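Work through the exercises below with the sequence and the model open. Each task is followed by a solution in steps.

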Amino acid sequence: MTTRISETAEVTGVLDRAAGLDQAGGDERLKNIIRQITGDLCRTIERFDVTPTEFWTAVDYLSRVGMNHEMGLLVPGLGLEHFMDVMMDEQERKAGLTGGTPRTIEGPLWIADAPLVESGEARLDQDPEQGEVLFVDGTVRDTDGKPVADAVVDVWHANTKGGYSHFDPSQSPYNLRRRMKTDAEGRYGFRSIVPSGYGVPPDGPTNQLLAAVGRHGQRPAHIHFFVEASGYRKLTTQINLAGDAYLHDDFAFGTRDGLISEAVQHADAEEIRARGLNEPFSTLSFDFVLLRDVADVPETVVVRQHAPAAAA
C-alpha cells in the first residue's frame, strides 16, 4: 500500500517542528491545535491534488478577505459560526442546562456602548427614514418562569435598505441601536421600524466564493439581541421575521427553530391614533428565557474584535 505523502516521516517531521512539538516551551494546547490544522490541510491538498497556483490563489483570497474586513462574513457563510453555537448547545445539554431561548450567530455588526435608555420608552429609529413603525415587547425570565429584573437587553438591526449605522455612513451614530433594562416584571419594549434583510458586498471576496459554489449571500430580515443579567448566561440571539423570502435560506445559517416571530400589522384607525401615528404599524412580542450560570461550562461571553465604538 502506497504511503500518502502527507503521512511520510519527512512531512510529519516538518509539521511537528513547525508546531513546536519538538520544543519544551510554549502553549501545549496551541501546539496541538496548529499541528492538527496543518496536518488536515496537507491531507486535503494531497487528496484533491491542489496545484501550487491553486494554493497561492487561496492564500491571496484569504489576504483579500482580511483587507476587505470580511472575515466576519466569511466565517458564518461557511457555517463555522453556526457550528460554534451547536457545540455550545451540546455542552450545555450535557451540563443539564435546557429550556433557554435558542442562541444564534452574533454577526460582525455589533457596536459597543449603545445608549442605555428606559425600557418601554426606547426609540431606536432616530433618523428621518420612511419605514413602517414597529413596536417590540416581551419579557425576560428564567427556565422556571420567574421574571428576570434589571436584565440588559442590547438590540441592533438594519434599516429598510439593509444597512447598519456606523457601517452605513448615511445613518447617524447608534441609529437602530439601544440598550435597555427590564423592569421588576422582566418586561422590555421599544419602538423602531421594520428592518430589511441584507446581502454581502456584491463585489467582495465573500460573495466571490459563495458564487463559485453556487450560493447567494442574502440574509433574511432580523433583529439582533444580547440579553445579560447577573447570575445568568449571556444570550446572543436574534428574532427572524416570518414571511421573509430568505427565512430558511440564510447564507449565514442564523435562522433557528424558536426564533421566528410574526410582525402583526395594525390598520385600525383607532389603534393608529392611540399610538400617536398617522399610518398603519406593526407589533411583535417575543419572550427571552435565560439559563442559570453554572461552573464548568464554557462561558457565553465571547471575546472578539469589533469595530471601534469611538468611531461611530
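The exercises that follow use a predicted model and deal with helices and strands.

**Exercise 1. Helix 5**

Task: Find the buried residues of helix 5 and state how they are arranged about the helix axis.

Solution:
- Step 1. Helix 5 covers residues 80-94, which is 15 residues. From its first C-alpha to its last it reaches 21 Å, close to the 21 Å expected at 1.5 Å a residue.
- Step 2. With buried taken as under 20% relative accessible area, the buried residues of helix 5 are Glu81, Asp85, Met88 and Glu92.
- Step 3. Viewed down the axis of helix 5, these buried residues fall within an arc of 65 degrees, so they line one face of the helix.
- Step 4. The buried residues of helix 5 pack against helix 4 (71-77).
- Step 5. After helix 5 comes Gly96, with a positive phi near 80 degrees.

**Exercise 2. Helix 3 and helix 6**

Task: Classify the crossing of helix 3 and helix 6, and name the residues that make the contact.

Solution:
- Step 1. Helix 3 spans residues 52-67 and helix 6 spans residues 205-212. Their axes come within 9 Å and cross at roughly 135 degrees.
- Step 2. Angles over 145 degrees count as roughly antiparallel, and 65 to 115 as roughly perpendicular. Helix 3 and helix 6 are therefore oblique to each other.
- Step 3. On helix 3 the contact is made by Tyr61, Arg64 and Val65. On helix 6 it is made by Pro205, Thr206, Gln208 and Leu209.

**Exercise 3. Strand 13**

Task: Identify the pairing of strand 13 with strand 3 and with strand 12, and decide whether strand 13 is mostly covered or uncovered.

Solution:
- Step 1. Strand 13 pairs with strand 3 (residues 133-142) in the parallel sense, over four bridges. Leu134 has Ser282 of strand 13 as its bridge partner.
- Step 2. Strand 12 (residues 264-266) and strand 13 run antiparallel and are joined by three bridges. Here His266 stands opposite Phe281 of strand 13.
- Step 3. Strand 13 (residues 281-285) is mostly covered, with four of its five residues buried.

**Exercise 4. The six-stranded sheet**

Task: Give the strand order of the open sheet of six strands, then its edges.

Solution:
- Step 1. The order is 1-5-4-9-10-11, and the pairing is mixed.
- Step 2. Strand 1 (116-118) and strand 11 (260-261) are the edge strands, since each pairs on one side only.
- Step 3. Within the order, strand 9 (residues 222-228) pairs with strand 10 (residues 235-241) in the antiparallel sense over six bridges.
- Step 4. Phe225 stands opposite Thr237 in strand 10.

Conventions
Residues are numbered from 1 along each chain as its sequence is written. This is a predicted model: local features need pLDDT of at least 70, side-chain atom pairs count only at pLDDT 80 or more; totals for chains, interfaces and linings use all residues. Side-chain values use heavy atoms; hydrogens and water are left out. Buried means under 20% relative accessible area, exposed over 50%, partly exposed in between (1.4 Å probe, protein chains only). Helices (H or I, at least four residues) and strands (E, at least two) are DSSP runs, numbered from the N terminus. Two strands pair if DSSP finds at least two bridges between them. The expected span of a helix is 1.5 Å times one less than its number of residues. The arc is that of the directions from the helix axis to the C-beta atoms. Contact means heavy atoms within 4.5 Å. Axes are lines fitted to C-alpha atoms, for helices over the stretch in contact, and angles run from 0 to 180 degrees between N-to-C directions. Angles under 35 degrees count as roughly parallel, over 145 as roughly antiparallel, 65 to 115 as roughly perpendicular and the rest as oblique.
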